[in-house]
Amino acid sequence: MNKFKTIILSLIWLCILCLELIVWNVTIRSGLFSVNAVTDMGASLLSDVIWIPVALLLPFIAVGLISKQRPIPVKMLLYALAVCIALAGLLYLPTFFRYLFVLLILYFVILLYSAYRESLSVHHLFYTLVVLCLVYHYNTQLLPPVKPDAKAPQNLRVMSWNIGMDAERMESEQMVGFIRRENPDIICIQEFQTGQRRVFVDQLSDQYPYQKWSRRVSDYGGGAILSRLPFLHSELVSINSEYDPDSPITITHASVSWRDKQIDVYNCHLHHSANYLLEQFMGKRDFKLYNHDAQTGYMRHRDEARQLASRLFPVERPLIVTGDFNDTPNSWVYQLYSKYLKNSFASAGWGLGTTFAEYRITDKVPVPVKAEKINILRIDHIFYSHDFQAFETQVYNTVESGHKPQIVTLVPLF
């Protein structure tokens with residue numbers, strides 16, 4: 001019976017390990033599926049979800065290791081504690097992830113002790129590989145960062161926020177209030193409507209006298225860069241993709257002066273692709289239409305990212321690239337930019353850092369899931385060149401917009 005249990009559990013952990021590798025490793029996924037919109041979009045949706053069952057099972061696996069040869073009442077007490085931890089984790093998943101490092105440390109201590117006592121089974125080794133893959137993927141996101149003095153004069157604070165075109169005036173004013181409280185040096189905005197622009201200009205011009213707003217109002221609503229630092233140069237860059245030549249996107253670019261250095265800031269909003277998959281799940285598209293639009297949108301998305309990258313790389317001066325990339329950290333686009341730049345949340349964030357889905361999906365899902373209030377996609381990013389070091393990156397729960405704002409504190413290395 002124990003041998004059968006070991007085989008079944010080992011196979012389960014092996015399947016989860018394979019899923020982790022396919023979802024989290026672009027090279028492996030590309031080798032197996034080639035350039036495929038469906039698999040890449042599916043991987044994006046699973047990116048910050050597959051850790052959940054692995055982490056929730058962690059207290060039970062740990063208890064199973066330390067409860068061997070224990071009296072029945074002690075075993076029952078330990079498993080009851082494991083149930084309480086798992087239930088609390090399920091109810092507060094983002095917080096559970098933030099403090100997962102405590103469970104991980106405890107688990108590896110118990111694992112080493114059990115290995116010393118020669119009480120490990122083969123399935124424990126497979127499960128440990130699954131956990132190690134999780135640790136490798138999230139890396140420093142599992143640990144609280146060292147926080148600098150956010151008001152120190154040598155720090156540069158940059159915000160990126162897709163404020164959404166459907167926000168009411170009251171919500172826009174709440175956004176302005178949040179910006180004034182946080183007081184970043186540079187703000188990069190994606191999506192706006194005329195009324196929102198008016199509110200931002202009227203109420204923030206004193207604090208951010210240097211502003212560059214896109215002229216084009218497309219289905220993405222354009223973008224803007226607001227700065228307290230003086231502009232040396234600003235421009236709007238139009239990118240046309242061969243996959244939809246009639247709908248170009250506009251990249252906002254500004255060169256700012258800081259500490260006698262020119263810093264280039266690019267703000268983008270790349271075409272979406274995963275939205276088609278969400279619409280398919282919600283029954284808004286038939287499969288034939290979905291398959292065509294998903295593949296076209298996917299290739300357009302990559303093409304836009306490639307064209308923008310050709311303007312940026314190689315990096316010749318301090319560079320910051322922000323925006324709604326509409327792609328997760330396990331994507332080809334993310335890997336393209338990570339070759340030359342660092343990602344702020346991967347470097348100095350704590351937790352999942354997910355920025356999208358809570359206010360767009362929770363009204364479409366069953367009530368038990370709706371209570372989670374958890375985003376599932378980290379698609380809004382701030383990349384920066386090696387001229388900086390990120391000390392802290394935060395994703396904020398604030399006004400109920402489609403995306404959450406992100407602020408990074410950068411310290412110059414020049």
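Let's start with one pair: D324 stands opposite D380 in strand 10. Two aspartates, facing each other across neighbouring strands. Keep in mind that this is a predicted model.

Where does that pair sit? Strand 8, residues 319–324, runs antiparallel to strand 10, residues 380–384. The two are joined by 5 bridges. In general, strands of a sheet pair through backbone hydrogen bonds, either parallel or antiparallel.

Now the sheet itself. It is open, it has 6 strands, and the order is 5-6-7-8-10-9. The pairing is mixed. Which strands stand at the edges? Strand 5, 231–239, and strand 9, 342–343. Each has a single partner strand, so one side of each is left without a neighbour in the sheet.

There is another strand pair to look at. Strand 3, residues 210–213, pairs with strand 4, residues 223–227. The sense is antiparallel, over 4 bridges. W213 has A224 in strand 4 as its bridge partner. Strand 3 also has two faces. Q211 and W213 make the covered one. Y210 and K212 make the uncovered one.

Let me step back to the whole chain. The secondary structure comes to 16 helices and 12 strands. There are 414 residues, and 51% count as buried. Now take contacts between residues at least 6 apart in sequence. Of those, 73% join residues at least 24 apart.

On to the helices. Helix 7 covers residues 100–116, 17 residues. How far apart should its ends be, at 1.5 Å a residue? The expected span is 24 Å, and the end C-alpha atoms are 24 Å apart, which agrees. Buried residues in this helix are L100, F101, L103, L104, Y107, I110, L111 and S114. What do they pack against? Helix 4 (51–66), helix 5 (72–91), helix 6 (93–98) and helix 8 (122–138). After helix 7 comes E118, with a positive phi near 55 degrees.

Helix 5 gives us a residue on the outside. L77 lies in helix 5. Is L77 buried or exposed? Its relative accessibility is 63%, so L77 counts as exposed; the cut-off is over 50%. L77 and S67 are 10 residues apart in sequence. In space, C-alpha to C-alpha, they are 9.9 Å apart.

For a contrast, take an aspartate in helix 3. D40 is found there, in residues 37–46. At a relative accessible area of 11%, D40 is buried, because buried means under 20%. Which residues is D40 in contact with, leaving aside neighbours within four places in sequence? R29, Y298 and R302.

Last topic: the largest pocket. Rolling a probe the size of a water molecule over the atoms shows where empty space is left. Here the largest pocket has a volume of about 560 Å³. It is lined by 24 residues. Nearest the centre are W24, Y136, H137, P329 and Q335. Helix 1 (2–24), helix 2 (26–33), helix 8 and helix 13 (332–338) each supply at least two lining residues. Helix 8 gives the largest share, 4 residues. Helix 8 is also one of the helices that the buried residues of helix 7 pack against. What is the lining made of, by class? It has 11 nonpolar, 10 polar and 3 charged residues.

Definitions and conventions
Residues are numbered from 1 along each chain as its sequence is written. This is a predicted model: local features need pLDDT of at least 70, side-chain atom pairs count only at pLDDT 80 or more; totals for chains, interfaces and linings use all residues. Side-chain values use heavy atoms; hydrogens and water are left out. The expected span of a helix is 1.5 Å times one less than its number of residues. Buried means under 20% relative accessible area, exposed over 50%, partly exposed in between (1.4 Å probe, protein chains only). Contact means heavy atoms within 4.5 Å. Two strands pair if DSSP finds at least two bridges between them. On a 1 Å grid over the protein atoms alone, a cavity is a set of points where a 1.4 Å probe fits but cannot get out, and a pocket is an open set with protein on both sides within 12 Å along at least five of seven lines; lining residues have an atom within 4 Å of a point. Grid points are joined across faces, edges and corners, and a volume is the space filled by probe spheres set on the points. Ala, Val, Leu, Ile, Met, Phe, Trp, Tyr, Cys and Pro count as nonpolar, Asp, Glu, Lys and Arg as charged, and the others, Gly among them, as polar.
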